Amino acid sequence: MSFQSRGSDPQRLLPAPLEDRILAGLAQVAGALLCAAGTVGWLSLLTWSVADPSLTHATGGSARNLLGIYGAITSDLLLQTLGIAAVFVLLSPMIWGLELLFVGRIPDFRTKVCLFPTAVVVLAAACAALPIPARWPLHHGLGGILGDVLYTMLNNTFALINAERSGLAAGLVFTCMGLTALVQSLGLNSRDLLFLMEPTPADRPNTATSGWRHWRPDV
């Protein structure tokens, strides 16, 4: 005789409705943390100063960064490595955080999380193609160390064909590739926008709960 209750799954530790509620709550917490981390990162970048102490600049003064010494170090590393493309580092994670908060899932997460770092690095190379302003305070170009290296490699390759227009060609290639990868990694497609704008009927379950149920793999 089996003592298993009808409708229960022996492979589940918790009932399915309770498990969905827990996962939905975790999704919202993770989304809030991503949004908070993105906001903190933006504040760090916006208040960066070349005079602040960092790993590349030793000084006895105190950090003027809004987040103190840790914000000064973090923002300096991002700008030294990626240049002005550092602003894109926080874009996709913040969008993913909003998706987790309001939709409860990140569609095609594996694809997006792979495209995201690629998009940032390629956009750094595109920024390296821009002319350097006279007041640019860093030793590298607008694309930082990584952007300068990638841009130089492709520029030298195109120079074998046409040296006069190799820089422009390299910049255009990196811009198109970077923007395409960035759009794919943002996490908001037309289907998600329609889902967010769709009125919620009374009999439709919570969006976060239904999102988790749709997103997670069956067990």
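Here are three short exercises on the predicted model above, each with a worked solution.

Residues are numbered from 1 along each chain as its sequence is written. In this predicted model, local features need pLDDT of at least 70, side-chain atom pairs count only at pLDDT 80 or more, totals for chains, interfaces and linings use all residues, and side-chain values use heavy atoms, with hydrogens and water left out.

**Exercise 1. Find where the predictor is confident and where it is not.**

Start with pLDDT, the predictor's confidence in each residue, from 0 to 100. The chain averages 78, and 73% of the residues score at least 70. Next, compare the elements (helices are DSSP runs of H or I, at least four residues, numbered from the N terminus). Helix α5 (residues 144-159) has the highest mean pLDDT, 94, and helix α8 (residues 207-215) the lowest, 44. Over residues 201-219 the pLDDT is below 50, yet this stretch has 31 contacts (heavy atoms within 4.5 Å) beyond near neighbours in sequence. Where pLDDT is low, the predicted coordinates should not be read in detail.

**Exercise 2. Describe helix α2 and its end.**

First, the length: α2 (residues 68-82) has 15 residues and reaches 21 Å from first C-alpha to last, close to the 21 Å expected at 1.5 Å a residue. Then list its buried residues (under 20% relative accessible area, 1.4 Å probe, protein chains only): G71, A72, S75, D76, L79, Q80 and L82. Finally, look just past the helix: G83 follows α2 and has a positive phi, near 65°.

**Exercise 3. Count the disulfides.**

Apply the rule: a pair of cysteine sulfur atoms within 2.5 Å. The count is zero. Now check two cysteines: C35 is buried at 15% relative accessible area, and C127 is buried at 10%.

Notes: Buried < 20%, exposed > 50% of the residue type's maximum accessible area, 1.4 Å probe, protein only. Helix = DSSP H or I, 4+ residues; strand = E, 2+ residues; numbered from the N terminus. Expected span 1.5 Å × (residues − 1).
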